[in-house]
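Subject: Structure handover

Hi,

Here is the structure you asked about. Please open it next to this email; my notes follow below.

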Amino acid sequence: MATEVKLPELGEGVTEGELVKWLVKPGDSVKADQPIAEVLTDKATVEVPSPVAGTVKDLKFKAGDVVKVGSTMITLEGGASAAASAPASKPAAPTASAPAPQAAKPAAGGGKVQDIKLPELGEGVTEGELVKWLVKPGDSVKADQAIAEVLTDKATVEVPTPVAGVVKDLKFKTGEVVKVGSTMITLEGGAGAAPSAPAAQPPAGAQREVPASAHANFAAAHSAQSSSAATAAAHPAPGAIFPPVADSKVLATPATRRLAREMGVDINSLGGTGLAGRVTREDVLSAKGGAPAQAKAPASAPGMSIPKPAYQGPAGAAEERVPLIGIRKKIAENMQRSKHVIPHFTIMDEAKVDAMVAMRESLKEHAEKHGTKITYLPIVMKALIATIREFPMFNASIDDAAGEIVYKKYFNLGFAADTPNGLVVPVIKNADQKTILEISKEILDLSKRARDGKLKPDEMKGATITVTNIGSIGGTYATPVINHPEVAILGMYKIDEKPVIKDGQLKAIKVMNYTMTADHRLIDGAVAARFLAAFIARIENPGKLLVELV
Amino acid sequence: MAQTFDVVVIGAGPGGYVAAIRAAQLGFKTAVIEREFLGGVCLNVGCIPSKAMITATHLLHKAQHNFKDMGLMIKGDITVDMKQLVTWKQSVCDKMSGGVKQLLKGYGVTHIPGEANFKNSKEITVKSSAGEDTIQAKYFIVATGSRPIEIPGFKFDEKDICSSTGALAFDTIPKRVAVIGGGYIGLEISSYLRKLGTEVTVIEAQSALLAGVVDPDCAQVVERKLKKAGVNIMYGAKAKGQKKAKDGYEVTVEINGKEEVVKCDKILVTVGRRPNGDQANLKAAGIAVDERGFIKVDAQRRTNVQNIFAIGDVAGQPMLAHKASHEGVLVAEVISGQNRVYDAKTVPAVVFTDPEIASAGMTEAEAKAKGFTDLLIGKVPFGANGRAVSMMETDGFIKMIADKKTHVLLGVHIVGPEASNLISEAVLAIEMGARMEDIALSIHPHPTLGEAMMETAEATLGHAIHIIQKPLPK
């Protein structure tokens, strides 16, 4: 049986030492307490003894290496039995009793204790917010049983346990953000019950190898890292290098000056709002359109300083407080970010929709034959796409960090879906390449799964523009909030009858209201008005869509 | 086979070794070439050893002059074992230099002893006792520092005719020393030699000491104290030459058109330092050097050659270790692609005379020249500070200069005990754009010398407590 001999505590505050000399070599037999190496710490050289006897298997460091306290220095073979002759000669000799301390805590049920970690939840997803525990301490769980609901991006996912056992403790509270790989719960008695879930946890021994092998890889990793760093540096930042400002009259702290430079803001051009005219961090951020991003951070990077005012109610008992978590919190954040970043404006108009209503009526039967039904939404989407082809900026995004407008040549249409959990926005990908029937089917499917909370994160990502349909509920006009980083949102409202006088005769026609809310940084009022007019022209004459069909 | 690195730093002084460590932290494969000693002049023959000597002689001076008043009696004379003092001083240097070695090793920086010379902008040769190697790198950082200026007729032998290097290694207490140059190095060494009992004559070409280096009011305090301690100071004096005499040396000095002779055993020449822009064969890489010998650099400390940077003394004034270190970090970050420039409002300067002088920001004259026509000026003597009185070190004062319009701090000049430590608060305040109220309203601990900073800020506003100020007109 192999025993690992670690570098013990060498004194108060000493965390590492330099390996000066090995006093043993592989194959040597060592006795308990025999020095195995000389280590230099803070100018004193100390001899490190082996707490147990055994035969040296290998040396984990080279002379000159810096060894951290607790790192494995050598492994000994046949150590355990020989060690019996040298019990407790060193109080700090946990290695004599072989298994790693963290894995050795005897569990009440006698079985092993296992950490259940938050698994990978999808590409690019690094964390999620704990919405709800589905188990509590003392519960028995089966393998694959859901233990918690975790909210990522906008989808709530159920996290299963890979193994069975008894829940020992829950490591997070609802509302907390859990990183992928963090231990969520510990299970007792897990080992035997989970033959189907191998390697949920590496065995303790393997885990303990990590420091040593990591160290062995250090040199390689280091040079690999260095070559990539050097490649990056081979292309020095092309952006403007602002001259030093310390000499100018501008007052700003060193960190603010650096921030301005990193964001490409000429601090000399800013009026400071701070005391005595200081340029503050906020001045720099707002000069950059409120986008706090680092050079390459995504536009929706976290870290925006959104105010967090407190609410102090007058009557505690007559008020109920519940945590703002889950989808509601996500919606709140998204709406706030959007309103913070985007100057919104809305234009409204009315369309005569008799022709569209008639067209839909005439298609009902056809749709039913194909196992679906047609709503107005897919028709509106087609009209929207055709109009965007005329006005491509409505399908764009602003990359604030890079100072660029990104025009998208694909059409992913989001539609705001009302669900019991709150607003979600599923996306019809490449809607321009799908027929109205296909889109209809997809809308029905996505809406149903949205209501059931079964959407996958990917199904709510990557919209280029969104349509919100409030008409089914009520209201004549609204000012919807843009789904940042999109730059526009089309609102559609309920169909109504309205009297008009035509050829001297009072007549009832069907009308539908539309609104276009746009990002005023990119889209001027006149452009939005033209856009809406062009869109309504298509709605009023659906035949146009046919003519434009590619 | 030539060795290849991402970054090669030439010179392991306070600029070079710091640059190398930062580069390694950023993931570059880094080497540092050093021909003499790790830590450079600063750790080995400059800042650190001189501070060791100054500390020891300061204690000696206190024991001789203050202890009796404080009731601390010493039986017999205090004597100095100069050999032990120098040994101890050397141990301090060795400890520091060893620390640099450990750090470089810990960060995986390759230390190559030897002298570097450019072959072209991508290659250098390194000559050492082991032979000559060629080393290639994507980036070079030149941190070759500076050396003492020699004047005609006074060739350094570092035994009798010395630069600071030789003076810091005296293993017996010299009887008489002529110090040519009343700048900060000359005066620091003069201060402690005098405390050891040496007769010191300072030969200064200008009409004041530390002229143009520090606030003249501050220089005066030190001048008075040197004179009181018995240092002989010659103003408007030029050292013309020296010759060996029967006992020691005779230095010929021209003063007011007349010649005088200064008798001494050792001659210390501290007339300044010159950048090593004439070394390392910079020409072969095409690196431009100005007429004073400084490598020309931009705000990112890049030379005219894209992949070569220069920092520290060789890259321009002020020739101070802390400026070099700051540039070292800066350049490594620039190389890693970060958008950094040298953007400090102030580089503090410290003179370790008795008392110490330290300054940050503008002097009164500089502020006026920059267009600050109306100034607030406050001055508080250490005699009004309880801690200074209890230390029996009341010489000196703190002076602050602020813009009258905004009350923003522009400059701080300190002469007095621990000026070198007190100045850090001033640096932070200036960089942060502090107003006088910010300093005055920050509670400073009592009883400390630092309280005098708060008090001086109050003085600029006209309401210092521990000095009597006439009310300022509204």
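Start with helix H15 of chain B. Its buried residues pack against three strands of that chain, E20 (375-381), E21 (397-403) and E22 (409-416). They also pack against two helices of chain B, H13 and H14 (436-441). Keep in mind throughout that this is a predicted model.

H15 of chain B spans residues 451-460, and 10 of its 10 residues are buried. The buried set includes nonpolar names such as B:Ala452, B:Met453, B:Met454, B:Ala457 and B:Ala459. It also takes in B:Glu451, B:Glu455 and B:Glu458, along with B:Thr456 and B:Thr460. Just after the helix, B:Gly462 has a positive phi of about 90 degrees.

Next, the cores. In soluble globular proteins, nonpolar side chains tend to be buried together. The largest nonpolar core here has 63 residues. Which of its members touch the most others? They are B:Val412 and B:Ile414. Helix H13 of chain B, residues 419-431, gives the most to this core, with 7 residues. A separate core has 61 residues, among them A:Ala351, A:Ile385, A:Phe391 and A:Ala396.

B:Ile414 deserves a click. Leaving out residues up to four places away in sequence, its contacts include B:Phe382, B:Phe397 and B:Ile398. B:Ala419, B:Leu422 and B:Ile423 are also among them. So is B:Met453, one of the buried residues of H15 in chain B. B:Cys218 and B:Glu356 are on the list of contacts too, as are B:Ile357 and B:Ala358.

Now a sheet in chain B. It is open, has 3 strands in the order E12-E13-E14, and pairs antiparallel. Which strands sit at the edges? E12 (237-245) and E14 (258-264) of chain B do, and each pairs on one side only. From one strand to the next, the twist averages 25 degrees. E12 of chain B is joined to E13 (residues 248-255) by 8 bridges. Within that pairing, B:Ala237 stands opposite B:Ile255.

Last, some totals for chain A. It holds 13 helices and 25 strands. Of its 550 residues, 41% count as buried. Take the contacts between residues at least 6 apart in sequence: 62% of them join residues at least 24 apart. The accessible surface of chain A is about 28700 Å², with 55% belonging to carbon and sulfur atoms.

Best wishes

Note on methods:
Residues numbered from 1 in each chain as written. Chains lettered and ligands numbered in written order. Predicted model: local features only at pLDDT ≥ 70, side-chain atom pairs only at ≥ 80, totals over all residues. Heavy atoms only, no water. Helix = DSSP H or I, 4+ residues; strand = E, 2+ residues; numbered from the N terminus. Buried < 20%, exposed > 50% of the residue type's maximum accessible area, 1.4 Å probe, protein only. Contact = heavy atoms within 4.5 Å. Areas by Shrake-Rupley, 256 points an atom, 1.4 Å probe, with all protein chains shown as cover. Core = buried A, V, L, I, M, F, W, Y, C linked by side-chain atoms within 4.5 Å. Pairing = 2+ DSSP bridges. Axes fitted to C-alpha atoms, helices over the stretch in contact; angles between N-to-C directions.
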